[in-house]
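Q: Could you take a close look at the buried interior of this protein and explain it to me step by step? I would like to see which parts build it.

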Amino acid sequence: MKKKIAIIGAGVSGAFFSYLLNQQEDLEVDLFDKSRGSGGRCAVKRYNEDDFINMGAQFLTNKRKDLSFYFKEIKDNSLLDFFPDSIAYFKKGVWMKANDTVRYVGRPHMNSFIKHWIKGINFNTRCKVVKIIQNEKKWSLYTESGEKYDNYDFCVFSLPLTQGKVIWFQNSKVQLPEVVMNPSWALLLKSEKVDLKWRAAFIHDNKLSWFHTRESKDSNMLWVIHTSPSWTKELIDLSKEDVDKLITNEVEKLLKIKIKKIFSETHLWRFASSGENMSRQKFALDENKNLAYIGDWFCGGRCEGAMESALECFQEVKKLF
Ligand SMILES: Cc1cc2nc3c(=O)[nH]c(=O)nc-3n(C[C@H](O)[C@H](O)[C@H](O)COP(=O)(O)OP(=O)(O)OC[C@H]3O[C@@H](n4cnc5c(N)ncnc54)[C@H](O)[C@@H]3O)c2cc1C
């Protein structure tokens, strides 16, 4: 009989893990996410057919050799491009070119390769898992809206630490690394065109941490601007309107421009980036309970870290089936 596996969270780590499992025979994978779709922190805001903004992750790197095979697979499917603009680095009032790391961006959107990974997988959206219970070696998942999903031989958490640790420790004694997760506001903005020397920049020691802008189909400009963890914490309880104004002011000051807005909106990422994992543990596995925990926060907090955690865990978990 096929083994049934539940994966909670359809971001990079959960989607990649489900893709890896799906290559195996005799496994049935069910993926759950509380959102309307997949992607997690690689979310995309679409305004119409042509205009969209990548709200969270802006690019991926591929530094680990054993992930290159999987990068090639998504490149071969035309789901990755090189990041389109050269990126600046701003520190102490000085603009310089950022290092030449190869950076990829999802094509056409940042979550397109994630959708590719979960093709053919049974994906349950709007399912916020609030409880799991094991009975006679089989896991049941319970959602916020009162549904129950049964009969899983194995259950994988692929959520930020803060979102999953309570349920984990209700069911497992296996330790998780202590990793701090930091928030970030994102301002998504359409403006009239302005001339800029740099279209993308990492911003150091500032209230802002990143911006990227590109031309919209109707020759205006689409922007995404992220705030630094420390400033985000100061702004966390303000209204979205106030945050919008404050971020816009900072961008105008930084770039010495006047922004003529067409529309804008803000989004708060509560668990945007993670601090260092001092334990070097790349995933958690409870072989007695048939439970595993993966996620970017185990491996440095980037998309590549999410893939690394999923791959390392998969290599252990597949030995159990
Ligand atoms: C503003 C911002 C900028 C970033 N920039 C970059 C960048 O340029 N490059 C880079 O490599 N990385 C970047 N990152 C980090 C990158 O987005 C993450 O490392 C990666 O997306 C994490 O994937 P994940 O699957 O581990 O977690 P997530 O993407 O957080 O996925 C977890 C999923 O679990 C779901 N979930 C949570 N709780 C439940 C529940 N109880 N039940 C069901 N589902 C649940 C969530 O909806 C989510 O879809 C950025 C992140 C942010 C927020």
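A: The protein chain is divided into domain 1 (3–179 + 276–320) and domain 2 (181–274), with bounds that come from an automatic or database domain assignment. The model is a predicted one, in which local features need pLDDT of at least 70 and side-chain atom pairs count only at pLDDT 80 or more, while totals for chains, interfaces and linings use all residues. Residues are numbered from 1 along each chain as its sequence is written, and side-chain values use heavy atoms, with hydrogens and water left out.

The C-alpha centres of the two domains lie 26 Å apart, and the contact between them takes 37 residues from domain 1 and 34 residues from domain 2, where contact means heavy atoms within 4.5 Å. In soluble globular proteins, nonpolar side chains tend to be buried together. The largest nonpolar core here has 60 residues, and Phe16, Phe17 and Trp117 have the most contacts inside it. Such a core is a set of buried Ala, Val, Leu, Ile, Met, Phe, Trp, Tyr and Cys residues joined through side-chain atoms within 4.5 Å, and buried means under 20% relative accessible area, against over 50% for exposed and partly exposed in between (1.4 Å probe, protein chains only). Helix α7 (residues 303–317) gives the most to this core, with eight residues, and both domains supply at least three residues each.

Phe17 shows how this core is joined up: leaving aside neighbours within four places in sequence, Phe17 is in contact with Ile7, Val156, Ile294, Ala310, Cys313, Phe314 and Val317. A second, separate core of 25 residues includes Phe32, Val129, Tyr152 and Met181.

Phe16 and Phe17 are among the buried residues of helix α1, which spans residues 12–22 and has ten of its eleven residues buried; helices (H or I, at least four residues) and strands (E, at least two) are DSSP runs, numbered from the N terminus. The buried residues of α1 pack against β1 (3–8), β2 (27–32), α2 (65–76), α3, β13 and α7.

Helix α4 (residues 161–171) can be set beside α1, with Leu161, Gly164, Ile167, Trp168 and Asn171 buried. Because these residues cover an arc of only 150° around the axis, they lie on the same side of α4; the arc is that of the directions from the helix axis to the C-beta atoms. An α-helix has 3.6 residues a turn, so residues three or four places apart point the same way. On the other side of α4, Val166 and Gln170 are exposed. The elements against which the buried residues of α4 pack include β13 (154–157) and β14 (181–191).

Ser13, another buried residue of α1, leads on to the ligand. Of the 33 residues around the ligand, those that come nearest are Ser13, Asp33, Arg41, Phe59 and Asp296, and a residue is counted as near if one of its heavy atoms lies within 4 Å. An N or O atom in the side chain of Ser13 is 2.8 Å from an oxygen atom of the ligand. For Ser35, a polar side-chain atom lies 3.2 Å from a ligand oxygen atom, whereas Phe59 places a backbone N or O atom 2.7 Å from a nitrogen atom of the ligand.

Notes:
A polar contact is a pair of N or O atoms within 3.5 Å; within protein, one must be able to donate a hydrogen and the other to accept it, and residues adjacent in sequence count only if both atoms are side-chain atoms.
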